[in-house]
Amino acid sequence: MPRSKSERRVGEGASPAALGLAASGAAQPSGSAYLNAGLRTARAVASASGPAEAYKLLLPVLCPELGGAVARLWLSDSGGEQIVCVDWWWSEPRFRAAAEPPFGITCTPGVGLAGTCWLEGEPMVLPIGERPELFPNQGLLAESGIRTASAVPLTGVAEVIGVLTLYFATAARPSRAELAQLYLVGEAVGPVIEAKQQDAAAREQLRRDQLLLSTTSAVAAAGSYQETLRMLAASSVPWMGDLCLIDLVTTDGGLERVAAVHADPSKAALVDELRRYYAPRIDSSHPAGKVTTTGISAWSAEMPDSFLQDTTRNRRHFEIVKALGFTSYLSVPLRAGDELLGAITLISAGSGRVFGADDVATGERLAAQVAGTIARARELDREQRRSAESQARDQALLELGVELTGAQAVDDVLAALLRSPACSLGADIARIALLDESRTRLELTFAGTADPELSSRYHVLGMDAPLPIVEVVRDRRAVLIGDTGQLPRRYQPLIAETSEQLRAIALEPLRAEDGSALGALGLSWRQPREFTPDEVELLLAVSAATSRAIARILVARREHEVAASLQERLLALAPALPAAVVAAVYRPAGEAMRVGGDWYTARMLDDSSRLAVSVGDVVGHGLDAVATMSQLRSALDLAALGERDPGDVLALLDRYAQDVPGASCATAAFARVDAATGRVHYACAGHPYPVVVAPDGAVTLLTDGRRAPLGIQPADAAVTGGVAELAAGSLLVLYSDGLIERHGESLQAGLERLADAARGCRQLPVHRVCAHLLARLISAEGYSDDVVVVALRPVGNTVDCHVDCLAASEREIPAARHRLRAWLAGLGLSPELSWDLLLAAGEAVNNAIEHASHRDPRRYVALEAFADRDRIVLSVTDSGRWSKDSAASRRGDGRGWGLALIHGLSHSVDTTRGPLGTSVTMTFRRDRGGAPDRTGGVSRD
């Protein structure tokens with residue numbers, strides 16, 4: 001470092017060589033000339049308005065009087081670590097090249113003539129060739145005619161503040177007195193320059209204080225931290241720089257340019273382009289990226305093209321910064337505690353400003369103040385957002401709870417969950433697994449976008465199955481899986497089958513009030529995800545609300561099952577009906593889970609081609625009505641066993657009803673179907689007309705064979721039954737009056753509505769006929785009375801319909817396949833499509849025989865097939881209940897691929913499970929085009 005002013009010694013005891021005296025006798029200015037020149041220069045500098053003007057005045061005034069050819073003015077930087085050449089001068093054009101600083105505009109202590117003088121603090125005069133190390137541009141000086149160089153320290157109040165270097169075209173021979181006078185020149189000029197610098201620094205500090213004050217006001221007036229940043233940038237120019245850029249760290253770890261303001265409004269378009277398209281990358285060499293990463297301020301007095309090329313993204317970016325005139329920058333971090341929020345970058349672009357350490361201190365003070373405001377604003381935003389999210393979650397939970405109170409079934413619960421993305425976290429698939437009565441199996445219900453094969457495959461699970469949902473029920477603890485690909489090896493079969501549908505899973509146990517296990521709730525997403533603490537808390541609340549709803553539903557279900565079990569035992573269809581496919585449904589009125597007086601029967605007569613079917617309705621509900629219904633139903637079955645006309649059967653029933661309490665006014669419809677002849681014989685006692693739907697869709701009401709309700713007319717009144725055609729492909733429907741009656745409406749209107757709905761049943765599988773009629777004929781208020789529907793389609797073929805029944809034995813499969821192949825041959829299908837149809841039907845029949853009928857030959861499996869111009873529909877129906885999953889636990893022994901095969905061959909698959917059995921309906925497109933339909937699923941009657 002340079003010596004202080006108190007350490008200076010000017011010429012005392014120094015030899016001429018040490019003073020650099022030349023031997024030439026050329027005339028030089030006298031001592032008084034030196035002193036007079038210094039004083040005149042000091043007066044000129046003192047009249048300047050600021051340091052910059054003072055620098056420009058000093059050399060042109062002083063140097064001509066001293067006879068200099070070239071001069072340079074060097075001043076110490078604010079840190080005192082180097083000197084900066086602030087101006088240079090030449091007397092003639094031939095000296096211009098020699099005047100430019102040889103090292104650039106900065107010089108460190110001890111380097112070159114100026115650095116050595118600054119370090120030593122003594123004036124120096126010497127020929128340019130005497131000490132070559134002080135003259136790196138010696139050759140240029142000699143060519144220009146420079147012979148002598150001198151350096152004069154400029155001293156302020158306490159220390160050297162710079163150096164004046166002068167170069168002469170003559171030899172210098174100053175005396176000791178003249179050398180001392182030369183030193184006095186520096187002492188005369190130095191304090192004036194120092195005063196100008198101090199005055200400018202005071203004004204700059206005042207300006208910075210005013211800037212901070214105006215920024216504080218802007219921050220206080222801003223409505224959000226984004227607005228704060230824009231106001232900060234606007235208030236920072238032109239005082240702190242020509243251009244202010246503010247970049248903030250984004251949630252994904254990048255940088256977003258939120259503000260860019262230039263002091264010159266005409267540059268707004270370029271600056272806006274810079275803001276919108278050229279935010280710096282946090283991992284780049286851009287100053288804002290480095291500052292945000294390191295938390296350390298950075299600045300540079302220069303921004304050469306090489307720097308601009310390194311910090312711009314492309315040619316257009318470089319063109320913008322060049323057009324704006326970037327020359328110097330200061331970048332400081334926005335820090336709140338240990339968190340780096342971003343950076344403020346100030347650019348000198350046109351004013352010539354050079355940033356230094358004093359600017360850094362001011363910039364950091366400004367950034368600290370603004371960062372604190374931003375941090376507080378962000379925290380307030382986060383608190384408000386968390387509060388709003390919490391309120392939204394609470395509201396969503398409240399609404400879900402209200403909706404769940406009205407849920408009557410598990411399907412209703414799942415639908416309510418998926419209708420609330422806030423509660424289901426936007427899950428793609430929802431499922432509920434419930435323990436059965438034996439507590440050895442889980443029965444699953446799916447909703448959402450689950451592939452039908454998935455819901456079919458995993459609808460029943462043993463408690464020993466290696467699946468997460470089973471473990472959740474068994475251990476009664478939640479399991480959150482962000483990515484199923486990371487599950488242990490024991491889950492590999494599950495991952496292989498479900499990775500496209502179940503990539504992230506949330507499983508919550510469902511508990512009763514006493515803490516016992518009810519089952520589990522599962523939510524799934526098709527993409528991996530993480531679960532936040534708030535989401536974990538939300539899932540716990542959702543599972544609690546779901547548990548309450550499920551517990552209530554299970555209580556109602558048990559009550560219903562008691563009633564339904566009794567009803568089913570009384571109404572069960574015969575397990576073997578080889579002459580026709582029969583389906584039936586009993587639906588109690590409204591929401592009542594009760595038994596009633598409606599009944600149906602269907603049983604074979606004395607051979608394999610004839611069967612009897614009946615529907616009846618006893619007045620009232622409850623156990624009395626059930627007892628009466630049971631007696632009448634049994635009496636009707638006995639009467640039907642003989643070779644009697646249906647009219648005679650009802651006459652016998654009427655005679656029996658005379659002595660049965662509660663039988664008065666009961667109604668009944670009875671029909672005997674002969675599949676071999678294609679006819680139906682029927683009679684009705686006060687009951688609504690049976691319906692026949694022909695293969696072409698024509699609807700006929702069977703109005704013959706009428707008699708009064710039971711117990712009304714003399715029992716021996718003779719009534720002859722009616723006869724109607726029931727050809728192959730036709731449909732017979734019997735029902736109770738609850739299906740068509742509506743309050744305040746004529747019976748004829750109900751019959752017309754029934755006929756219209758029945759026309760749409762022409763090519764529906766029998767099990768869907770019952771559901772179709774119930775759905776089409778229900779009023780907005782629901783059914784006001786119990787409803788029974790029986791649908792029957794006889795075995796046989798038409799051009800577009802194939803109906804077959806086979807005993808539940810593998811031995812029957814070849815013959816059934818042969819019959820189906822023969823029907824398919826008449827459709828003109830391609831061999832590939834015919835093979836797919838036969839293969840899928842065979843797999844479905846095999847599953848029904850093995851899993852539902854348990855290979856009991858007394859049970860039958862029905863096959864219905866329909867063809868139209870565009871598609872083939874196959875439906876396989878059994879009369880049993882599947883006790884376990886057909887495939888989920890069987891992949892290990894090479895089995896369990898049937899469902900996958902069915903779904904792979906078919907365009908769509910729908911599985912319907914009800915109390916009377918399971919139906920699998922497969923659809924095949926004739927053109928084989930289009931993507932498989934994965935919107936189907938599992939339904940329950």
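**View 1. Strand S18 meets strand S28 at one end of a five-stranded sheet.** Ala 580 has Pro 794 in S28 as its bridge partner. That pair belongs to a ladder of eight bridges between S18 and S28 (residues 787–794), and the two strands run antiparallel. Keep in mind for this and every other view that you're looking at a predicted model. Helix H23 (residues 766–777) packs on the sheet here, touching S18, S27 and S28. Its direction makes about 30° with that of S18.

**View 2. The whole five-stranded sheet, S18 through S24.** Read across, the strands come in the order S18-S28-S27-S23-S24, and the sheet is open with antiparallel pairing. Which strands sit at the edges? They're S18 (580–587) and S24 (699–701), and each of them pairs on one side only. Going from strand to neighbouring strand, the turn averages 15° if you ignore direction. Helix H22 (residues 747–759) lies across S23 (691–693), S24 and S27 (731–735). Against S24, helix H22 runs at about 145°.

**View 3. A six-stranded open sheet, S14 through S15.** Here the order is S14-S13-S12-S17-S16-S15, again with antiparallel pairing. Strand S14 (460–462) and strand S15 (479–481) are the edge strands; each has a single partner, so one side of each is left without a neighbour in the sheet. The twist from one strand to the next averages 20°. Zoom in on S15 and you'll find three bridges joining it to S16, with the two strands antiparallel. One spot to look for is Ile 481, which stands opposite Ile 505 in S16.

**View 4. The largest nonpolar core.** How many residues make up this core? It has 32, and those with the most contacts inside it are Leu 400, Leu 404, Val 413, Ile 432, Trp 525, Val 542 and Ile 550. Both helices and strands chip in: the elements giving two or more residues are helices H13 (357–405), H14 (410–418) and H19 (533–571), along with strands S12 (429–435), S16 (504–511) and S17 (517–525). H19 gives the most, with eight residues.

**View 5. Around Leu 404.** This close-up takes one of the core residues with the most contacts inside the core and shows what surrounds it. Setting aside neighbours within four places in sequence, Leu 404 is in contact with Val 413, Ala 416, Ala 545, Thr 546, Ala 549 and Arg 552. Val 413 is itself on the list of core residues with the most contacts.

**View 6. The S10–S11 hairpin and its neighbour S9.** S10 and S11 form a hairpin with two residues between them. In the turn, look for Gly 337, which has a positive phi of about 65°. Nine bridges join the two strands, which run antiparallel. Ser 328 stands opposite Ser 348 in S11. S10 also pairs with strand S9 (residues 298–300), antiparallel and over three bridges. Within that pairing, Ser 300 has Tyr 329 in S10 as its bridge partner. Is S10 (residues 328–336) mostly covered or mostly open? Mostly covered: seven of its nine residues are buried.

**View 7. Thr 345 and its surroundings.** Thr 345 is found in strand S11 (residues 339–348). Why does Thr 345 count as buried? Because its relative accessibility is 2%, and the cut-off for buried is under 20%. The side chain of Thr 345 makes a polar contact of 3.0 Å with the side chain of Ser 331. Leaving out residues up to four places away in sequence, Thr 345 touches Leu 243, Cys 244, Leu 245, Ala 288, Leu 330 and Ser 331.

**View 8. Helix H3 and the glycine after it.** Helix H3 (residues 51–66) runs for 16 residues. From first C-alpha to last it reaches 22 Å, close to the 22 Å expected at 1.5 Å a residue. The buried residues to pick out along H3 are Pro 51, Ala 54, Tyr 55, Leu 58, Leu 59, Leu 62, Cys 63 and Leu 66. Just past the helix comes Gly 67, with a positive phi of about 75°.

**View 9. Zooming back out to the chain.** The protein chain holds 26 helices and 35 strands. Of its 941 residues, 52% are buried. Among contacts with a separation of 6 or more, 67% link residues 24 or more positions apart.

Notes. Residues numbered from 1 in each chain as written. Predicted model: local features only at pLDDT ≥ 70, side-chain atom pairs only at ≥ 80, totals over all residues. Heavy atoms only, no water. Helix = DSSP H or I, 4+ residues; strand = E, 2+ residues; numbered from the N terminus. Buried < 20%, exposed > 50% of the residue type's maximum accessible area, 1.4 Å probe, protein only. Polar contact = N/O pair within 3.5 Å; in protein donor to acceptor, adjacent residues only side chain to side chain. Contact = heavy atoms within 4.5 Å. Pairing = 2+ DSSP bridges. Expected span 1.5 Å × (residues − 1). Core = buried A, V, L, I, M, F, W, Y, C linked by side-chain atoms within 4.5 Å. Axes fitted to C-alpha atoms, helices over the stretch in contact; angles between N-to-C directions.
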